[in-house]
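Biologist: Please take a close look at one part of this model, the largest pocket, and at the helices around it. Which residues line the largest pocket?

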Amino acid sequence: LETAELWDELSQACDVALGQSCINAKNQKWIRLRRAEAWRHLGRVEEAEPIIGAEAKASGDWWLFARWAKVLVDLKRTHEALDVAYRALIVGGASSRGWETLELVGELLEHSEPALAADHVKLSKLLREKEGWPAKQPLEELAQRLNVTEEAVSIRDLVGKLKKIWHEVEDAEREGGSVV
């Protein structure tokens, strides 16, 4: 149903499945996520966001943080989306599978911090090239708008530079105190 983009039917099927007592906890998680994704596509983004956010926090999976960031963008909560996208990059590392999250960060920073946005887009492009994947049109268009140059820079150096920024978000959320 998801592949066929039959979102209403997927939502209904998930409701039925969640009502079954034989579904274990792991499968319930997947069904809740599928239902939230269906809701997102049905325009029920406000209902989908807390489910995806809770699952991301509970599991710590990079791809759930990345999905949550996209949902927050849909809700026009761009500052939160940026923080969540950074968390996805911290958890998953800036590996080839995170190129879309890097592109998303580039989009979010395009107008406020274009130089930082360009670094994220450059890293996204480098990761795609490393894997031998063809260029995606939206990524190329974003790179053009940000004047991303083809100068030689290593993935390692760029990741090292950007990791400091990603961790600033994590450090800002950390609470301090003393134990007596």
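Modeller: What follows goes from the chain as a whole to the pocket and then to two helix contacts. This is a predicted model, in which local features need pLDDT of at least 70 and side-chain atom pairs count only at pLDDT 80 or more, while totals for chains, interfaces and linings use all residues. Residues are numbered from 1 along each chain as its sequence is written, and side-chain values use heavy atoms, with hydrogens and water left out.

The protein chain has 9 helices and 0 strands (DSSP runs numbered from the N terminus, helices being H or I of at least four residues and strands E of at least two). Its C-alpha atoms fill a box of roughly 55 × 55 × 30 Å along the principal axes.

The largest pocket has a volume of about 170 Å³. A pocket here is an open set of points on a 1 Å grid over the protein atoms alone, where a 1.4 Å probe fits, with protein on both sides within 12 Å along at least five of seven lines; lining residues have an atom within 4 Å of a point. The volume is the space filled by probe spheres set on the points, which are joined across faces, edges and corners. The lining consists of Glu2, Glu37, Arg40, Trp62, Trp63, Ala66, Arg67, Lys70, Arg97, Glu100 and Thr101. By class, 3 of these are nonpolar, 1 is polar and 7 are charged (Ala, Val, Leu, Ile, Met, Phe, Trp, Tyr, Cys and Pro count as nonpolar, Asp, Glu, Lys and Arg as charged, and the others, Gly among them, as polar). H2, H4 and helix H6 (99–109) each supply at least two lining residues, and H4 gives the most, with 5.

Two of these helices also pack on each other: H2 (residues 25–41) and H4 (residues 62–74) lie at an angle of about 25 degrees, with their axes 12 Å apart (axes are lines fitted to C-alpha atoms, for helices over the stretch in contact, and angles run from 0 to 180 degrees between N-to-C directions). H2 is therefore roughly parallel to H4 (angles under 35 degrees count as roughly parallel, over 145 as roughly antiparallel, 65 to 115 as roughly perpendicular and the rest as oblique). In this contact (heavy atoms within 4.5 Å), Lys29, Trp30, Leu33, Arg34, Glu37 and Arg40 of H2 meet Trp63, Leu64, Arg67, Lys70, Val71 and Asp74 of H4. These residues divide into 5 nonpolar, no polar and 7 charged.

H2 has a further partner in H1 (residues 7–18): their axes come within 8 Å and cross at roughly 150 degrees, so H1 is roughly antiparallel to H2. This contact has 8 nonpolar, 3 polar and 5 charged residues.
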